[in-house]
Amino acid sequence: MTDFKIHHRDGDGVSIIELKGYLDAHTAPDLETAFQKLLNEKKYNVVVNCRDLSYISSAGLGVFMAYVEDIRKNMGDIKLTNMSSKVYNVFDLLGFPLLYEIFKDEQEAVSRFKEIKK
Amino acid sequence: MEAEKKHISKRILSRTESLVEVRKFVDGAARKFGFPEEDIANIILAVDEACTNIIKHAYQYAVDQEIEIIIFPSTRSFEIRIYDNGKSFNPSLIRPPELKDHLGHKRRGGLGVYLMKRLMDKVEYNFIPGKRNEVRLVKYRSDVSTVTRR
């Protein structure tokens, strides 16, 4: 079994998605479900905390690509945080830092949403 | 001619659950070969991408087909050959990813092939019509890759 878990918590008008383990073609549909649920619940300010994400392949990256536009259309965003250098390297190879805000720390990303709100 | 060391191989079923086994197999072999951590991670990801493409495109998610992975370690290079009997995949039809095209369009194809090319020193596709498809991925030892790339 692939070791992958998603934990979702809400706070301060921002949804925090914590990813743990291996995000590959097998587990990417779980992340799709999580994003779809956020859209259905009209939760458009999303921080994805990657602290415990050990691995990501293009199938996982594709999920971020597929959902970010719908979220941005609703004046929200997906911000990424706490990536290991190994995971960041994969995002970087595909040019993600140009398309997504990536923060070292979850709190920085949450604060950015609050700044925008002001 | 450089003598090749004994190759090792693994057969898996064409389902995404198998990717765990693939990564474990490649990790063990690349580690034994003596690659640094970064190269090991890159090779594992490239093979995962190749197998994912086979599962999705060659076998179109049929879960009971076979994929064979053979690793040929030699003094200078680490070569992985991956075989399937599915639909031929022509990578030249895959455009380089324009990231903006992917946004919101659920257009996922192409990212994996692009990543494989960035992660490995050589990526080659061969087709044996009516028989099987082959993907060859090669990584050189970092001390020889600078020479090779000159």
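In chain B of this predicted model, helix α1 (residues 19-33) packs against helix α2 (residues 37-58) at an angle of about 145 degrees, and their axes are 9 Å apart. The crossing of α1(B) past α2(B) is right-handed. From α1(B), the residues that take part are L19(B), V22(B), R23(B), V26(B), D27(B), A30(B) and R31(B). Across from them, α2(B) offers E37(B), I40(B), I43(B), I44(B), V47(B), D48(B), C51(B), T52(B) and I55(B). Sorted by class, this contact of α1(B) with α2(B) has 10 nonpolar residues, one polar and five charged.

**The sheet of chain B**

Let us turn to the strands. Chain B holds an open sheet of five strands in the order β1-β2-β3-β5-β4, with antiparallel pairing. At the edges are β1 (8-13) and β4 of chain B, each of which pairs on one side only. On average, neighbouring strands of this sheet are turned by 15 degrees against each other, direction ignored.

Two helices can be placed on these strands. Helix α1(B) lies across β1, β2 (66-73) and β3 of chain B, and runs at about 170 degrees to β1(B). Helix α4 (residues 111-119) of chain B lies across β4 and β5 of chain B, where its direction makes about 125 degrees with β4(B).

How many bridges join β4(B) to β5(B)? There are six, between strand β4 (residues 122-127) and strand β5 (residues 133-140) of chain B, and the two run antiparallel. Among the facing residues, F127(B) stands opposite N133(B), and N126(B) stands opposite E134(B). The hairpin of β4(B) and β5(B) has five residues between the strands, and G130(B) there takes a positive phi near 75 degrees.

**Aromatic pairs**

Over all chains, the whole structure has nine aromatic pairs. One of them is formed by F33(B) and F78(B): this pair is tilted, with 5.2 Å centre to centre and 55 degrees between the planes. Because F33(B) lies in helix α1 of chain B and F78(B) in strand β3 (residues 77-84) of chain B, the pair ties together parts 45 residues apart in sequence. Are these two residues buried or exposed? Both F33(B) and F78(B) are buried.

Chain A has aromatic residues to look at too. There, ring pairs link F35(A), F64(A), Y67(A), F91(A), F96(A) and Y100(A) into a cluster.

**The sheet of chain A**

Chain A also has an open sheet of five strands, in the order β1-β2-β3-β4-β5, and its pairing is mixed. Its edge strands are β1 (4-11) and β5 (102-103) of chain A, each pairing on one side only. Strand β2 (residues 14-23) and strand β3 (residues 45-56) of chain A pair in the parallel sense over eight bridges. Within that pairing, K20(A) has D52(A) in β3(A) as its bridge partner. Helix α1 (residues 28-40) of chain A packs on the sheet and touches β1, β2, β3 and β4 (77-81) of chain A. The direction of this helix makes about 15 degrees with that of β1(A).

The helices that lie on the sheets can be set side by side:

| Helix | Strands touched | Angle |
|---|---|---|
| α1(A), residues 28-40 | β1, β2, β3 and β4 of chain A | about 15 degrees with β1(A) |
| α1(B) | β1, β2 and β3 of chain B | about 170 degrees to β1(B) |
| α4(B), residues 111-119 | β4 and β5 of chain B | about 125 degrees to β4(B) |

Note on methods. Residues numbered from 1 in each chain as written. Chains lettered and ligands numbered in written order. Predicted model: local features only at pLDDT ≥ 70, side-chain atom pairs only at ≥ 80, totals over all residues. Heavy atoms only, no water. Pairing = 2+ DSSP bridges. Helix = DSSP H or I, 4+ residues; strand = E, 2+ residues; numbered from the N terminus. Axes fitted to C-alpha atoms, helices over the stretch in contact; angles between N-to-C directions. Left-handed = near helix turned anticlockwise from the far one by under 90°. Contact = heavy atoms within 4.5 Å. Nonpolar A, V, L, I, M, F, W, Y, C, P; charged D, E, K, R; others polar. Phe/Tyr/Trp six-rings, centres within 6.5 Å; stacked < 30°, edge-to-face > 60°. Buried < 20%, exposed > 50% of the residue type's maximum accessible area, 1.4 Å probe, protein only.
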